[in-house]
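Please walk me through the aromatic rings of this protein, taking them a few at a time. I would like to see which rings meet and where they sit.

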Amino acid sequence: MRVLRSRLGGLAFGGDYNPEQWDAATRAEDLRLMADAKVNMVNLGVFAWARVEPARDAYDFTFFDEVMDGLAAHGVTADLATMTASPPPWLGHEHPEILPVTADGTVLSPGGRQHFCPSSPVYRDRAARLVEALATHYRDHPALGLWHIGNEYGIHVAECFCDVSAADFRRWLHERYAGDIDALNAAWSTDFWSQRYAAFDQVLPPRAAPTYPNPSQQLDFKRFSSEALRACFEVERDVLRRVTPDVPVTTNFLAGHKTVDVYDWAPHMDAVAFDSYPDPHEKHAHIGAALSYDALRGAVDGAPWLLTEQAPSAVNWRSRNGGKAPGQMRLWSWQAVAHGADAVMYFQWRQSRGGAEKFHSGMVPHGGADTRVHREVRALGRELAAVPELAGTHTRNEVAVLFDWNSWWALELDSHPSEGVRCIEQVLDYYGALFEAGVGIDVVHPSADLSGYKLVVLPGLYLLSEEHAGRVVDFVAAGGHLVVSFFTGIVDEHDRVHLGGYPAPLGKALGLHVEEFWPTAEGESVALRAADGEPLAGDGSLWREDVVLAGARPELLFAGPDWEGRPAATVHTFGGGTARYVATRPHPADLGALVARAVAESGAAPVLPGLPAGVEAALRRGDGYDVLVLLNHGDTAHDVDLPEPRADLLAADRPEVRRVALEPRGVAVLGSPHLGGPRPDDAAPAARD
Ligand code: GAL
C-alpha cells in the first residue's frame with residue numbers, strides 16, 4: 001500500500017463514518033474531534049446507497065460533497081465506499097428477483113442489509129451504474145484516497161439458491177469441467193446413489209434434499225458462491241480502475257469467516273482489509289485474533305494489510321456483549337499492527353442513535369467525547385501517529401501453518417466420522433501451541449513456497465491435493481520439519497478419498513498409514529502415555545485411530561483396553577527432515593510439549609527468547625530497520641530484558657533501552673537503535689491541531 005503510505009505519512013487511523021445519520025452541528029463536531037484524535041482516514045458512506053440514489057438514476061451527491069470537502073479541509077482521507085452493500089428499498093421493490101433465496105426456498109426480504117443474490121445481473125448492473133456515477137463525480141476530489149468496495153461480502157448471504165444462481169452455477173460448472181459432463185460425474189462420484197448426470201442443465205444447487213446432498217456438489221457450490229461474490233466485487237473494481245486508475249481498491253473481510261476464500265480473492269485486490277472482533281469475554285481471544293491476522297497476511301505474502309474495523313469496546317451481536325477493559329482496545333490494536341496492519345480503524349466513528357447497531361460501541365459513544373472510550377481512542381490515535389516508520393514494513397517468519405478455505409469447507413460438511421472435528425478449533429490447537437512457544441508464524445495456502453521455512457504444520461488439513469501433498473513431502477525430504485495432525489490429507493480437491501491408507505499422499509514422509517478412525521463419544525477422554533515413560537499432563541480427547549507404523553517411532557501411545565500400546569503420536573526421519581504425526585487431540589500441555597520439541601529440533605528461533613508467559617513479541621521489517629512490538633496479554637507486570645539496545649518509539653525522544661517494563665495490557669514498540677532520538681518532522685503525518 002505504497003500509495004496510502006505516501007499519502008498518510010504513516011499508519012491509517014479512523015473508522016466507519018456514517019455522517020448521513022447526523023445533523024450539521026454534529027458533523028461539524030465530528031471534524032473537530034477527528035482532528036483532535038489524529039484520525040487520518042475514514043471508511044465513508046458504506047451504507048449510503050439509499051441516500052445518494054433515492055430513486056432509480058436520480059443520483060444526488062450534494063450531502064456527500066459537503067462531507068468530502070470537510071474531510072479534505074481537515075486532512076482526513078476518505079476510504080470512500082461504493083455504497084453497494086445494502087440495496088435501497090426501491091431496488092427490491094422494483095426488482096424482487098434480486099432477493100436471495102435460501103436452500104429451503106425462503107426468499108430473504110429487504111429490511112436488514114446484504115439482501116441481494118450475488119449472481120443477479122440486475123443487482124450487478126445497478127451497482128456498476130452507481131459506482132460509475134460516484135467515481136466520475138469524486139475522481140478529482142482531494143479527500144479520495146482509497147475505494148472501499150461493498151462491505152464484508154458474504155457475511156449474511158454467502159450462497160443463493162434461486163433459479164438465477166442455479167443457471168450461473170451451471171455456467172460455472174461447464175467452465176470448470178471444460179464442458180465435459182463425465183468429468184463432473186467423476187469429480188462428484190455420481191455413481192453413488194444414482195446421481196449420474198447426462199447434461200449440465202440437469203444440475204441444481206445443493207438445495208434442501210431428503211438426506212445428505214452430494215458432498216462434492218456442496219463443495220463446488222461453496223467455491224462457486226465465493227467466486228460469484230468476487231464477480232460482484234470485480235464488476236465494481238473494473239469501473240473504478242477505468243475511471244480512477246490511480247486510486248487503489250479494497251474490500252473488507254470478516255476475521256474467522258468461512259464463506260469467502262480470502263486466498264482466492266486477494267490477488268484480485270490492491271490491498272486486503274480485515275474486520276476483527278475478538279470477544280472480550282474469551283480468555284484467549286488474542287490467540288484467535290493473531291491466527292486470523294497471520295492468515296490474512298498469508299494472502300499478501302507478508303505485506304501489510306488494513307484493519308478496517310474493530311470495536312472500540314462492546315459489540316451488539318453476541319448473546320452477551322462484553323466491553324473492552326481499560327487498555328484492552330489499545331493492546332489489541334497494537335497486536336493487529338504487530339501482525340502487519342497498516343491501519344487501525346473501527347466500526348464506527350460515532351455510536352448510532354437508532355437502528356440495529358445502536359448498542360454497538362463507537363469511537364464517540366452516546367455519552368460524547370468526555371468518556372473513557374473516546375479518551376482511549378484519542379490517546380491511541382496520537383500514539384500511532386508517532387510511529388510512521390511502521391507503515392509499509394513486512395513480516396516473514398520461520399514457521400508456517402498451512403490453511404485452505406477449501407479444506408475448511410470440506411472438513412465441515414455432513415456425514416463425517418465426527419461432528420466434533422471443527423477446522424478452526426484444530427488449527428487453533430497447533431497455532432496456539434506455536435504461539436506459546438514464542439515463534440513468529442506465517443499462515444499460508446498449501447501452494448505457498450515452503451522452501452524458506454524451518455517448520456511446517458498441517459493441522460486438520462482434511463483436503464489436500466496430490467500436488468500440494470507432494471510439495472510437503474519434498475519439503476521434508478529437503479531437510480524441513482513437519483507436524484501433521486489427524487484427519488489431514490484425507491481427500492483430494494473433489495472430496496474423494498486418497499486410497500491406500502490415510503493420509504496416503506503424506507504416508508512415506510510420515511512413515512505410517514492409518515487403517516481406521518475411531519472418534520470418541522461426546523465427552524469421552526482418551527488415555528495416553530508417553531513412549532519414554534515420562535508423566536503426561538492429562539488425557540487426550542476427540543479422536544483415536546489405528547496407526548500402522550512403517551518406519552515411524554511412537555512418542556505417545558494410547559493406553560487402556562483395546563488400545564494399549566498403539567501409536568498415538570509418532571516421529572519419522574525422512575530424507576534430511578523429520579515428520580511428526582499426532583493421531584489424537586492430546587491435553588493442551590502435552591501438545592504444547594510436542595510442538596515445542598518440533599520447534600526446537602527445527603531450529604526456528606523465538607522472536608525474543610525467554611519471554612514471560614502472557615507476553616507476545618512480533619517483528620516487522622522495514623528497509624534497513626526493524627520494529628519489535630511487545631504485548632502483555634497477562635494480568636502481571638513484567639520487566640523484559642532485550643538482547644541488544646533498542647529505541648523506545650513510544651517514549652518522547654525515543655531513548656535507547658535495554659529493559660522494558662510492561663504493565664498488564666502494556667505495549668512496547670521498539671525500533672532498531674538508529675530510529676532513536678527526536679522523530680524527523682518530514683516523517684510525521686501532517687499536524688492537524
Ligand atoms: C461488521 C460490519 C459493520 C458493522 C460491524 C458491527 O461486520 O462490517 O458494518 O455491522 O460488523 O460489529
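Which residues do ring pairs link into a cluster? In this predicted model, the cluster is made up of Phe 161, Phe 169, Trp 172, Trp 188, Tyr 197, Phe 221 and Phe 224, joined to one another by ring pairs.

When the whole structure is searched, 36 aromatic pairs are found. One of them is formed by Phe 61 and Tyr 138, whose rings meet edge-to-face, with 5.8 Å from centre to centre and 65° between the planes. This pair connects distant parts of the chain, since Phe 61 belongs to the loop between α3 (49–52) and α4 (62–73), while Tyr 138 belongs to helix α6 (residues 121–138), and 77 residues separate the two. Phe 61 counts as buried because its relative accessible area is 8%, which is under the limit of 20%. Tyr 138 is likewise buried, because its relative accessible area is 1%.

A further edge-to-face pair is that of Tyr 263 and Trp 405, with the ring centres 5.3 Å apart and an angle of 90° between the planes. Here too distant parts of the chain are linked, for Tyr 263 lies in helix α10 (residues 262–265) and Trp 405 in helix α14 (residues 405–411), 142 residues apart. Both Tyr 263 and Trp 405 are buried.

Rings can also be followed through the charged groups that lie over them. Arg 51 places its charged end over the ring of Phe 63, at 4.7 Å from the ring's centre, and Arg 350 is found over the face of Trp 22, 5.6 Å from the centre of that ring.

Definitions and conventions: Residues are numbered from 1 along each chain as its sequence is written. This is a predicted model: local features need pLDDT of at least 70, side-chain atom pairs count only at pLDDT 80 or more; totals for chains, interfaces and linings use all residues. Side-chain values use heavy atoms; hydrogens and water are left out. Rings of Phe, Tyr and Trp (its six-membered ring) pair if their centres lie within 6.5 Å; planes under 30 degrees apart count as stacked, over 60 as edge-to-face and the rest as tilted. Helices (H or I, at least four residues) and strands (E, at least two) are DSSP runs, numbered from the N terminus. Buried means under 20% relative accessible area, exposed over 50%, partly exposed in between (1.4 Å probe, protein chains only). A charge sits over a ring if NZ of Lys or CZ of Arg is within 6 Å of the ring centre and within 35 degrees of the ring normal.
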